[in-house]
Amino acid sequence: MAISDYQQVLDEITAEIQPLLGQGKVADYIPALAKEDASQFSIAIHTVDGRTFCAGDCSKRFTIQSVSKVMTLTLALQRYGDELWQRVGKEPSGTAFNSLTQLEFEKGIPRNPFINAGAIVTCDALYSRLSAPMHSMLETFRQLAGNKTIVIDKRVASSEYEFRHRNAAMAHLMKSFNNFDNEVDDVLWAYFNFCAIELNCVELAKAYNFLANKGIDHTSGKEVLTSLQNKQLNSLLFTSGLYDAAGDFGYRVGMPGKSGVSGTILAVLPNKFTVAVCSPGLNSFGNSVAGIAALELLSKKLDFSIF
Ligand code: DON
C-alpha cells in the first residue's frame with residue numbers, strides 16, 4: 001500500500017469503530033481518570049521518514065499511564081544496560097498488571113518491566129541515577145515529540161498518589177527482598193508523574209518513533225537505544241506489553257504494543273511506523289476496547305505485521 005493511503009485507512013477505521021465507542025469501562029480506580037468520556041477516539045501514525053497521519057480528535061491529550069513504562073525502561077537501559085535485568089525479569093507474567101501474588105513467590109523480582117511492580121523497580125533504578133527524574137522524563141518526551149508545551153497533569157498524579165496503596169505494597173515487598181533502594185513514596189511520586197504525562201496521539205506516535213527506527217530518533221538523528229537494545233525492547237513489548245492479554249493482542253494485531261489504563265495503546269511496526277490510539281472505554285484486562293479493534297483493523301487493512 002502506498003504511504004499516501006494511510007490517511008484513507010485511518011479515516012475508514014475511525015468510521016468503522018464508531019459502534020464500539022462508549023463500550024467498556026473508564027478506569028475508575030484513579031478518581032481523576034473516572035471523569036473521562038468513554039466515547040472519545042483518536043488514532044495517529046508517524047512514519048520513520050517523518051510523516052504524520054491522524055483521524056478522530058487528534059489534538060485531545062490523554063495521560064499516557066502505563067505507556068510511560070516504555071520510556072522508563074528506555075532511560076534505565078541507557079544508564080544500566082544489561083545490569084538492569086538483575087532486578088527485573090523478561091518473562092510474560094500471565095497475571096493482571098497490578099497483581100501482587102507472583103512477586104511474593106518470586107522473591108521480589110518482578111516478571112517484566114511493564115507490570116506495575118516491574119515498572120516501579122525500574123523507576124527506582126532510574127531514580128538512583130537522575131538528579132531530577134520528573135524533569136528528565138518530561139524533557140525526553142518534549143524533545144522526542146517536538147513539542148515544548150507537553151506537561152504533567154498534576155491532578156491525575158496526585159489522585160494516583162493518594163490511592164497508591166497497592167503499588168506501595170509492591171514496592172515495600174520488593175524492599176523486603178532487598179530489591180528497592182530509595183524511599184518508596186519518593187519513587188512512587190515519580191512513577192505517578194510519569195504516568196500523568198499528557199500527550200495526544202500524534203505526539204505519542206512521534207515520541208516513540210525511535211522504536212520503529214532501530215533506536216534512532218529520525219528528527220535529531222540521535223541514538224535513543226542501540227539497535228540491539230531496541231530489538232530487545234520491542235521483543236519484550238510483544239510478549240508482555242499488554243499483560244495477560246499480550247497473546248490475544250499479538251494474535252489480532254501482530255505488532256509489539258503497550259497499553260495504558262487511560263485507554264491509550266502504542267504499537268510499533270519496525271522500519272515503517274509507530275501508531276498510537278486512544279479511547280478510554282476499557283475491557284476487563286484494562287485495555288481499550290475501541291483501541292484494540294482499531295489496531296486489528298489497521299493490521300488487516302494494511303496487511304502488515306511483524307510476521
Ligand atoms: O500504576 C497504575 O495503576 C497506573 N498509573 C498505570 C497503570 C496502567 O496504565 C496499567 N495499564 N494498563
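Ala, Val, Leu, Ile, Met, Phe, Trp, Tyr, Cys and Pro are counted here as nonpolar, Asp, Glu, Lys and Arg as charged, and the others, Gly among them, as polar. By these classes, the lining of the second largest pocket has 8 nonpolar, 5 polar and 3 charged residues. The model in view is a predicted one, and this passage walks through its open and enclosed spaces, beginning with the pocket just named.

The second largest pocket holds about 220 Å³ of space. Its lining is made of 16 residues, and Tyr 29, Asn 116, Glu 160, Phe 163 and Asn 167 are the ones closest to its centre. Two elements, α7 (165–176) and α8 (184–195), each give two or more residues to this lining. Of these, α8 provides the largest share, with 3 residues.

What takes up the space of the second largest pocket? The ligand does. Around the ligand stand 14 residues, and the closest of them are Tyr 29, Gln 65, Ser 66, Glu 160 and Tyr 191. Tyr 29 and Glu 160 may already be familiar to the reader, as both are also listed among the residues closest to the centre of the pocket. By class, the shell around the ligand comprises 6 nonpolar, 7 polar and 1 charged residues.

Several side chains come within a few ångströms of ligand atoms, and three such pairs can be followed in the structure. From Glu 160, a polar side-chain atom lies 2.5 Å from a nitrogen atom of the ligand. Ser 66 places a polar side-chain atom 2.6 Å from a ligand oxygen atom. In Tyr 243, an N or O atom of the side chain is 3.1 Å from a nitrogen atom of the ligand. How much of the ligand's accessible area does the protein cover? On its own the ligand has 340 Å² of accessible area, and 99% of this is covered by the protein.

Attention now turns to the largest pocket, which contains about 300 Å³ of space. There are 13 residues in its lining, with Gln 78, Thr 140, Gln 143, Leu 144 and Lys 222 nearest the centre. Both α2 (68–80) and α5 (133–145) supply at least two residues of this lining. Which element contributes the largest share of the lining? That element is α5, with 5 residues. Sorted by class, the lining of the largest pocket includes 3 nonpolar, 5 polar and 5 charged residues.

Enclosed spaces complete the picture. How many cavities of 30 Å³ or more does the structure hold? There are 2 of them. The largest cavity has a volume of about 90 Å³. Among the residues that line the largest cavity are Thr 95, Ala 96, Phe 97, Ser 99, Gln 102 and Leu 103, and the list also includes Glu 106, Ile 109, Pro 110, Arg 111, Ile 115 and Ala 117. This lining divides into 7 nonpolar, 3 polar and 2 charged residues.

The second largest cavity has a volume of about 40 Å³. Its lining is formed by Val 26, Ala 27, Leu 33, Glu 36, Phe 62, Thr 63, Val 261, Ser 262 and Pro 280. By class, the residues around the second largest cavity are 6 nonpolar, 2 polar and 1 charged.

Notes: Residues numbered from 1 in each chain as written. Predicted model: local features only at pLDDT ≥ 70, side-chain atom pairs only at ≥ 80, totals over all residues. Heavy atoms only, no water. 1 Å grid on protein atoms, 1.4 Å probe; cavity = no way out; pocket = protein on both sides within 12 Å on 5 of 7 lines; lining within 4 Å. Points joined across faces, edges and corners; volume = space filled by probe spheres on them. Helix = DSSP H or I, 4+ residues; strand = E, 2+ residues; numbered from the N terminus. Near = heavy atom within 4 Å. Polar contact = N/O pair within 3.5 Å; in protein donor to acceptor, adjacent residues only side chain to side chain. Areas by Shrake-Rupley, 256 points an atom, 1.4 Å probe, with all protein chains shown as cover. Sits in = over half its atoms within 2 Å of the grid points.
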